Amino acid sequence: MKIAVIGSNMVDLISYIDKMPAPGETLEAPDFSIGCGGKGANQAVAAATLGADVLMLTKVGDDMFGDNTIQNFKKYKVDTTFVEKVSHMSSGVAPIFVDKSSQNSILIIKGANKCLLPADIDKAADSLKECSLFVLQLEINLETVYYAIQFANTHQIPVLLNPAPATKDLDIAMACKCDFFVPNETELAILTGMQVKTEAEIQQAANVLLEQGLKNVIVTMGQRGAMWLTKEQTECIPAYKVNAVDTTGAGDAFIGCFADNYVKTKDVMESIRKASAFSALSVMKRGTQISYPTRKEMEEFWECHQ
């Protein structure tokens, strides 16, 4: 039941701020931290933290961050056979700004992530064929995402696509070849051009995607929980109430936990509920991957909330 995460890694440069400076203004920020991140890497680590067998397919730079990223994967027991360095290229980095309300704003510089190509999927083909689920995001080239989807379809492997960062360049026809499509509200708004301020509006926007042929749309809505839609049903899963400190990486925590539970049980509703619990625990600590709860912490939280 191996999970293949084909996607990005980043170095998170996190500034905790009182407010964003105006143009030309310099402000002192209260705190700063640095850590391993990137949507693909976060999702891989989240799943691996829960005991999943995870294969990571990604590229790092030959700078000071590359070796550290590889060692970080190994620390979490993620298979790094196909994590490769790119000469004369920087690693991906993500400057992140977290305000006093725990909301975050993120910039990404893809760096070596841009060098993950369809040929890399062919190179890993024998290992990828053995996987039970592909997990994809959009911090790598779209042509590589599309190639991975086609590869999975050919070998009858389910695909989860997290359309983040959202882009209108995404070919919805290719997305319809995926089994799960997991945007947050902002990404849903960008992809549909619709308002998503209320749950009714979120449902309307998601239904537009279903009408185009998507199978399962799971919208993560932060403190409002998650919404799972198919052509036959709509289910709202409430969020777990916790004291949020830093929401960075919470969406990736959700996807990693969902992937772990889904490959084990094939139960979508239970996987969403557990993913909601895991992501709720993650926002109670600062940082991204370092905020993810251990398997024991997750099990204890889950038992207490049944």
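A helix's expected span is 1.5 Å times one less than its number of residues. Keep that in mind for helix H9, which we'll get to shortly; first, note that this is a predicted model.

Let's start with the sheet. It is open, has nine strands and mixed pairing, and its order reads S5-S4-S1-S8-S9-S10-S11-S12-S13. Strand S5 (79–86) and strand S13 (234–237) sit at the edges with a single partner strand each, so one side of each has no neighbour in the sheet. Helix H8 (residues 199–211) packs on the sheet, where it touches S10, S11, S12 and S13 and makes an angle of about 35 degrees with S12. Elsewhere, strand S1 (residues 2–6) pairs with strand S4 (residues 54–61) in the parallel sense, over four bridges; Ile 6, for instance, has Leu 57 as its bridge partner in S4.

Now for H9 (residues 250–265), which lies across S1, S8, S9, S10, S11 and S12 and runs at about 165 degrees to S8. With 16 residues, H9 reaches 22 Å from first C-alpha to last, close to the expected 22 Å. Of those 16 residues, 13 are buried, so H9 is largely enclosed by the rest of the structure. Right after H9 comes Lys 266, with a positive phi near 60 degrees.

H9 also takes us to the largest pocket, which holds about 1,500 Å³ of space. Its lining has 49 residues, with Asn 104, Asn 184, Thr 247, Ala 250 and Gly 251 nearest the centre. Which element gives the most to this lining? That's H9, with five residues. Among the others supplying at least two are strand S2 (10–16), helix H1 (39–49) and helix H10 (268–282).

Technical notes
Residues numbered from 1 in each chain as written. Predicted model: local features only at pLDDT ≥ 70, side-chain atom pairs only at ≥ 80, totals over all residues. Heavy atoms only, no water. Pairing = 2+ DSSP bridges. Contact = heavy atoms within 4.5 Å. Axes fitted to C-alpha atoms, helices over the stretch in contact; angles between N-to-C directions. Buried < 20%, exposed > 50% of the residue type's maximum accessible area, 1.4 Å probe, protein only. 1 Å grid on protein atoms, 1.4 Å probe; cavity = no way out; pocket = protein on both sides within 12 Å on 5 of 7 lines; lining within 4 Å. Points joined across faces, edges and corners; volume = space filled by probe spheres on them.
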